[in-house]
Amino acid sequence: MSQEKNDFKELLKEKGLKLTTQRRTILELLEKHQGEHLTAEEIYELVKIECPEIGLATVYRTVQLLQELKLIERLNLDDGYSRYEIGKSENEHHHHHLICNQCSKVLEVEDDLLDPLEDEIEKSFNFKVTDHKVKFYGICSDCIKDNK
Ligand SMILES: [Zn+2]
Ligand SMILES: [Zn+2]
Ligand SMILES: [Zn+2]
């Protein structure tokens, strides 16, 4: 068992919850599909392969629960869907998203470019920044190429 799975197990146990097959399967699935930003419906389609008895309502309930536990994160890319991805531990910086207006592709930026901005905000507003979420909109390199 990987370290991460043990952590899920510990966290769920702390909350008095069991690591059910369904919860584990959904977590493992999101781990495997990192960077894909799956909707609950897409998660359902993929989970069904391993757990044919699972229902869409259970998937909704499970992602909600996992999100409350901060094991996964919900992401709104302004396309009318809630998308999910595996969470990062609290100290770890979460990546930012680049969204192409033309093909709707979502790219991820791992680098954090906003530390200086956070420092500035802390100084100017005496506000302790604990997190930030950033989405950049624009045109991806593939679309720029196609537009030429
Ligand atoms: Zn992402
Ligand atoms: Zn594009
Ligand atoms: Zn950042």
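How are helix 2 and helix 3 oriented to each other? They turn out to be oblique, and there's more on that pair below. What you have here is a predicted model of a protein chain with 148 residues. The chain holds 6 helices and 6 strands, so let's walk through how some of them fit together.

**The overall picture**

- Reading from the N terminus, the elements come in the order α-α-β-α-α-β-β-β-β-α-β-α.
- If you trace the C-alpha atoms, the chain spans about 45 × 45 × 25 Å along its principal axes.
- Just 14% of the 148 residues count as buried.
- Take the contacts between residues at least 6 apart in sequence: 50% of them join residues at least 24 apart.

**Helix 2 meets helix 3**

- Helix 2 covers residues 21–32 and helix 3 covers residues 40–50.
- The two pack at an angle of about 120°, and their axes are 10 Å apart.
- Angles of 65 to 115 degrees would be roughly perpendicular and those over 145 roughly antiparallel, and helix 2 and helix 3 are therefore oblique to each other.
- Their crossing is right-handed.
- On the helix 2 side, Thr25, Ile26 and Leu29 make the contact, while helix 3 brings in Ile43, Leu46, Val47 and Glu50.
- Sort those contact residues by type and you get 5 nonpolar, 1 polar and 1 charged.

**The sheet with strands 1, 3 and 2**

- Here 3 strands make an open sheet, in the order 1-3-2, with antiparallel pairing.
- Strand 1 (38–39) and strand 2 (72–76) sit at the edges with a single partner strand each, so one side of each has no neighbour in the sheet.
- Strand 1 is joined to strand 3 (residues 82–86) by 2 bridges, and the two run antiparallel.
- Within that pairing, leucine 38 is opposite tyrosine 84 of strand 3.

**Strand 4 and its partners**

- As a bit of background, strands of a sheet pair through backbone hydrogen bonds, in either a parallel or an antiparallel way.
- Strand 4 (residues 96–100) pairs with strand 5 (residues 106–109) in the antiparallel sense, over 4 bridges.
- One spot to look at is leucine 98, whose bridge partner in strand 5 is leucine 107.
- Strand 4 and strand 5 form a hairpin with 5 residues between them, and in the turn serine 104 has a positive phi of about 65°.
- Strand 4 also pairs with strand 6 (residues 135–138): 4 bridges join them, and this time the strands run parallel.
- In that pairing, histidine 97 stands opposite lysine 135 of strand 6.

Notes. Residues are numbered from 1 along each chain as its sequence is written. Chains are lettered from A and ligands numbered from 1 in the order in which they are written. This is a predicted model: local features need pLDDT of at least 70, side-chain atom pairs count only at pLDDT 80 or more; totals for chains, interfaces and linings use all residues. Two strands pair if DSSP finds at least two bridges between them. Axes are lines fitted to C-alpha atoms, for helices over the stretch in contact, and angles run from 0 to 180 degrees between N-to-C directions. Angles under 35 degrees count as roughly parallel, over 145 as roughly antiparallel, 65 to 115 as roughly perpendicular and the rest as oblique. A crossing is left-handed if the near helix is turned anticlockwise from the far one by less than a right angle, and right-handed if clockwise. Two residues are in contact if their C-beta atoms, placed from the backbone, lie within 7 Å. Ala, Val, Leu, Ile, Met, Phe, Trp, Tyr, Cys and Pro count as nonpolar, Asp, Glu, Lys and Arg as charged, and the others, Gly among them, as polar. A residue is buried if 20 or more other C-beta atoms lie within 10 Å of its own, exposed if 12 or fewer, and partly exposed in between; C-beta atoms are placed from the backbone.
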